[in-house]
Amino acid sequence: MKILVCIKQVPDLESRFKPNGSKLWYDEADLAFRMNEYDEYAVEQAVRLREQLGDAADVTVLSIGPDRVGEALKKAMAMGCDRAVHIADPDALLRDPWQIASIIASFAGGRGFDLIFTGMQSQDRGSAQVGVLVAELLGISCSTTLVGFACDGEYVIAKRELEGGIKGVVKLRLPALVTCQLGLNVPRYPTLPNIMKAKRKELLVIPVAELLATGPVAATVSFHPPMRKGSGMVLEGDVSTLVEQVIGILKEKTAVLR
Amino acid sequence: MDLDLTAEQKLIQETARDFARAELEPVAAQLDQGDDRTPFLANLKKLAELGFMGLNVKECYGGSEAGVIAFSVAMTEIARSCASTAVTLSVNNMVCEVIQAVGSEEQKRAYIPRICSGDYAAGSFALTESGAGSDPSGMTTQAVADGDGFVLNGAKLFITSAPYAGLFVVWAVTDREAPKGKGISCFLVEAGSPGLIIGREEKKMGQHASATNELLFDNCRVPATALMGRLNDGFRIAVGELAGGRIGIGSLGLGIGLAAMEYATRYATQRSQFGQKISGFQALQWIIADSFTELEAARLLLMNAAFKKEQGKPFGKEASMAKLYATEAANRACYAATQLLGGYGYTRDFPVERYTRDARICTIYEGTSEIQRLIIAREILRTFS
Ligand SMILES: Cc1cc2nc3c(=O)[nH]c(=O)nc-3n(C[C@H](O)[C@H](O)[C@H](O)COP(=O)(O)OP(=O)(O)OC[C@H]3O[C@@H](n4cnc5c(N)ncnc54)[C@H](O)[C@@H]3O)c2cc1C
């Protein structure tokens with residue numbers, strides 16, 4: 001089974017963001033980058049499937065961006081992906097989801113991937129469109145916001161998160177694409193020996209010009225860093241409703257409760 | 001010249017930081033206050049499984065083969081969250097490295113993988129005695145050849161990890177007639193050896209989760225194969241290995257200093273007095289500027305020493321400079337951080353109080369600041385005479 005995982009490198013969310021010169025995105029200077037959190041769930045799930053299937057599976061991890069995304073790709077390989085593809089594109093952060101999806105689809109098209117994993121969304125742009133657009137462009141089945149996953153080699157059984165805590169179960173025939181949500185799994189830490197060994201795995205670099213054939217369909221008009229907030233959230237009511245509210249927030253907005 | 005970490009070093013730093021924040025930070029304050037070491041030992045096991053016990057150890061012995069710079073940055077990240085875990089890591093790595101450097105092939109295969117895998121929770125480095133601290137060559141613990149082995153008698157003091165160590169690297173006098181430092185040998189003693197007694201645990205100012213004990217030898221018999229390196233060549237081994245350990249302790253100090261100043265700086269941007277944030281007062285800005293400048297200098301000294309060691313170049317002077325400066329800077333940073341927090345910094349409700357206690361020992365163990373200055377001066381004066 002040929003598996004593809006698409007990952008993005010995003011700034012550490014604890015960073016302070018300020019607009020860049022064009023005022024259309026954030027300034028990258030002084031930011032520390034790491035793998036998008038949702039993509040860590042995608043990598044983990046792909047690696048678990050690879051462990052389940054053994055050498056019958058081969059996992060390629062792909063990222064579009066400048067040189068620094070090599071670090072995220074190496075992390076994914078240290079976690080267990082077999083090989084990496086770096087689509088070299090210094091302007092990746094400025095592209096709209098349509099262009100990003102087109103680049104991925106143009107790489108994946110004809111390469112016979114049976115299953116593609118992406119994060120549910122990126123932590124910085126947060127469009128949640130890339131995964132579904134790739135599936136559409138490739139004409140394969142797709143399910144989003146996965147919190148549960150199983151695969152027997154022919155079908156994927158996907159447990160999806162719907163609104164208000166409701167879950168849905170979907171059965172997809174391969175080839176398919178799934179987007180991964182918080183709660184799907186707990187990503188492993190890469191071990192140090194595996195970090196060192198990842199150096200020896202194949203890392204293919206492809207210039208973006210070879211894959212990009214389409215312009216943007218949506219343009220960012222302006223970018224606003226968050227207003228400085230004076231206070232946090234204030235909950236009101238009696239103890240039992242307060243507890244319910246807190247549990248609801250912890251479940252939906254954090255990884256504290258699952 | 002390139003002052004950037006490699007992608008692998010950055011990933012190791014990120015992994016150490018992620019682990020420290022998720023697993024060590026939440027239990028650090030509780031471990032500082034309590035006697036139950038269960039979460040501490042559980043985290044050591046997890047860190048071993050991730051490869052943190054043998055960062056500069058060859059893969060064939062179960063190490064990570066990640067190098068000395070990776071060791072330094074990992075130590076700093078771990079120490080930011082839990083100094084007790086960091087010192088255990090530092091000693092474990094040092095024990096693995098000393099065996100790798102001077103052990104026989106059988107000794108390397110027998111012991112290094114057990115420490116690297118976490119099969120042994122820890123290894124101990126047993127050099128200090130009550131009468132031999134800064135001057136370990138004055139030790140009196142003895143090993144006497146007897147039949148097909150040696151019999152050890154004496155006592156070691158301040159031995160990190162002793163109650164849960166699986167292996168002890170022990171120095172003992174094997175030739176009482178030899179000139180000072182020329183009659184000491186090094187032995188690998190397994191936990192549970194008859195006559196090896198774990199003595200009293202010290203009640204310390206800080207780094208509480210890490211045990212520091214007396215170690216007694218009462219006719220402790222070890223086989224001839226326990227001798228590591230050549231007979232009467234042990235002191236040279238100890239001195240050589242401590243230089244590497246100093247990079248570890250300097251990096252540990254840096255981690256505590258950074259934790260303290262990061263906490264205090266964030267606090268200063270939130271706390272108001274006289275109708276403004278206290279970070280607006282120039283008096284405090286200068287404290288912040290000076291502390292971070294010193295910590296950055298410490299980091300660069302550590303990177304320089306680590307780089308030299310990784311390149312196989314002499315690094316003793318550089319390691320002493322880095323250890324001296326980083327641990328003193330860490331203590332100054334903790335003092336400054338307490339000042340920034342005012343009265344709150346003196347209470348246990350804020351972590352700066354713990355950082356301050358944890359940092360204090362760093363200018364003492366693995367060679368006091370005075371001993372580092374002695375080494376540095378000796379190295380410098382050598383080139384003038
Ligand atoms: C928590 C903790 C953990 C430790 N872990 C270990 C361990 O795992 N293994 C181990 O072997 N040891 C360990 N030690 C021992 C530690 O390395 C020694 O405490 C240290 O080397 C200093 O020795 P000392 O305490 O005997 O002080 P002393 O040597 O008595 O020093 C007292 C003072 O005299 C100064 N002094 C001594 N000689 C000179 C000189 N020539 N010139 C100027 N000043 C001098 C010292 O700098 C110091 O200020 C540990 C100690 C502690 C507290």
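Tutor: A residue counts as partly exposed when its relative accessible area lies between the buried limit of under 20% and the exposed limit of over 50%, and we should keep in mind that this is a predicted model.

Student: Okay, where does A:Leu257 fall on that scale, buried, partly exposed or exposed?

Tutor: A:Leu257 has a relative accessible area of 32%, so it is partly exposed, being neither under 20% nor over 50%.

Student: And where is A:Leu257 in the chain, and which patch does it belong to?

Tutor: A:Leu257 lies in the segment after helix H6 (239-253) of chain A, and together with A:Val239, A:Val243, A:Ile247 and A:Val256 it forms a nonpolar surface patch of about 420 Å² of accessible area.

Student: Switching to the sheet: what is the strand order in chain A?

Tutor: In chain A there is an open sheet of nine strands with mixed pairing, in the order E9-E8-E7-E10-E6-E1-E4-E5-E11. Its edge strands are E9 (167-173) and E11 (203-207), each of which pairs on one side only, and the twist averages 35° from one strand to the next.

Student: What packs on the sheet?

Tutor: Helix H2 (residues 69-79) of chain A does, touching strands E1 (2-7), E4 (58-65), E5 (83-88) and E11 of chain A, and the direction of this helix makes about 165° with that of E4(A).

Student: How about E6(A), how many of its residues are buried?

Tutor: Five of the five residues of strand E6 (115-119) of chain A are buried; A:Leu115, A:Phe117 and A:Gly119 point one way from the strand, while A:Ile116 and A:Thr118 point the other way.

Student: Which sense do the pairings of E6(A) have, with E1(A) and with E10(A)?

Tutor: E1(A) and E6(A) run parallel and are joined by four bridges, with A:Val5 standing opposite A:Phe117. E6(A) also pairs in the parallel sense with strand E10 (residues 176-180) of chain A, over five bridges, and there A:Leu115 stands opposite A:Ala176.

Student: Which peptide bond is cis, and where is its proline?

Tutor: The bond joining A:Leu174 and A:Pro175 is cis, with omega at about 0°, and A:Pro175 is found in the loop between E9 and E10 of chain A.

Student: Over in chain B, what is the phi of B:Phe158?

Tutor: B:Phe158 has a positive phi of about 60° although it is not a glycine, and this residue is found in strand E3 (residues 149-160) of chain B. Most residues other than glycine have a negative phi.

Terms used: Residues numbered from 1 in each chain as written. Chains lettered and ligands numbered in written order. Predicted model: local features only at pLDDT ≥ 70, side-chain atom pairs only at ≥ 80, totals over all residues. Heavy atoms only, no water. Pairing = 2+ DSSP bridges. Helix = DSSP H or I, 4+ residues; strand = E, 2+ residues; numbered from the N terminus. Axes fitted to C-alpha atoms, helices over the stretch in contact; angles between N-to-C directions. Contact = heavy atoms within 4.5 Å. Buried < 20%, exposed > 50% of the residue type's maximum accessible area, 1.4 Å probe, protein only. Patch = residues over 30% accessible without salt bridge, like charges linked within 9 Å, V, L, I, M, F, W, Y side chains within 5 Å. Areas by Shrake-Rupley, 256 points an atom, 1.4 Å probe, with all protein chains shown as cover. Salt bridge = Lys/Arg side-chain N within 4 Å of Asp/Glu carboxyl O.
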